[in-house]
Amino acid sequence: NPSDITTPDPVRVNTVSGSARPTTSIDLGLNLPASAAVSDTETTQMQVYDSLGVAHDVTFTWTKTAANAWTVTAAATGSTTVEEGTVGSGTPYSVNIVFNGDGTPATFDGAATPPDLAIGGWTSGANDSVISMNFGTANTANGITQFSSAYSTTFINQDGAQFGNFFGVSVDEHGIVTALFDNGQSLKIYKLPVATFSNPDGLTAKTGTLYLESADSGGVVLRDAGTANAGKLVPSALEASTTDLASEFTTMIITQQAYAASAKVITTADDMLSQLMQIKR
């Protein structure tokens, strides 16, 4: 809970499993040909993901109904209902789009935005989906348009993702621990607080660069990283002041002595081999 840092828990990333993200929004950018005749159709197909991470094909069919007017309907594989607004509304998804004379959209079913796309009865057993539709801003050519050129798709974006396995974490300067998944998704799972004291010099030093709260240091106050007198976190870095130089030098000396001993063994073996060759001669 990033809003409550007063009762911290141990950070355990070994309990993080895979993650899937259902599609909750779709952005479409395309051009419908102004020269099309009434009843001409164009189709747009894309993939969406249900709450279990299963992919389904959604097909939008655009039918010209009059000058500067089109109707779009939707159908989805692996489902029983595709409706407007909410599942169970009883209204099949069908949106009438009126275009301005400059090729920009004017209204969607008489409104400034199209209704949500509601898909129910997934055969995968997933929860019903309600997806917000974005065809662009009314009176602006930043989504669907109607110009004289041929039908073309500018962009198709949706925010869902199939199931992905956990493969690592990242930590930012604000202490947010983020789980990373191999499907490109990420999930914030922890927030690391920074412990502050009214008198840090009063802390009691312990072995291994650890410190204990004492009467001189005052009580611990947990703060968000980078706020008040709490410093920011520096991920993937070792602060020089927390390095135990005595321990590091001891480790270095042991390593050097082990290397020297190994080198001596090799030298002795070489001398013994030389002596054996001389005896043979």
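The following questions and answers concern the two open sheets of this predicted model.

Local features in the model need pLDDT of at least 70, side-chain atom pairs count only at pLDDT 80 or more, and totals for chains, interfaces and linings use all residues. Residues are numbered from 1 along each chain as its sequence is written, and side-chain values use heavy atoms, with hydrogens and water left out.

Q: What makes strand 6 and strand 9 a pair?
A: Two strands pair if DSSP finds at least two bridges between them. Strand 6 and strand 9 (residues 117–120) are joined by four bridges in the antiparallel sense, so the criterion is met. In strand 9, Leu117 is the bridge partner of Glu84. Strands here are DSSP runs (E, at least two residues), numbered from the N terminus.

Q: Why is one side of strand 6 and of strand 11 left without a neighbour in the sheet?
A: The open sheet has five strands in the order 6-9-10-2-11, with mixed pairing. Strand 6 (81–84) and strand 11 (152–158) stand at its edges and each has a single partner strand, so one side of each lacks a neighbour in the sheet. The twist averages 25° from one strand to the next, with axes fitted as lines to C-alpha atoms and angles running from 0 to 180 degrees between N-to-C directions.

Q: Why are strand 13 and strand 15 each left with one side without a neighbour?
A: The order of this three-stranded open sheet is 13-14-15, and its pairing is antiparallel. Strand 13 (166–171) and strand 15 (186–191) stand at the edges with a single partner strand each, so one side of each has no neighbour in the sheet. Neighbouring strands are turned by 30° against each other on average, direction ignored.

Q: How do you know that strand 14 is joined to strand 15?
A: Five bridges link strand 14 (residues 176–181) to strand 15, and the two run antiparallel. Val177 stands opposite Tyr190 in strand 15.
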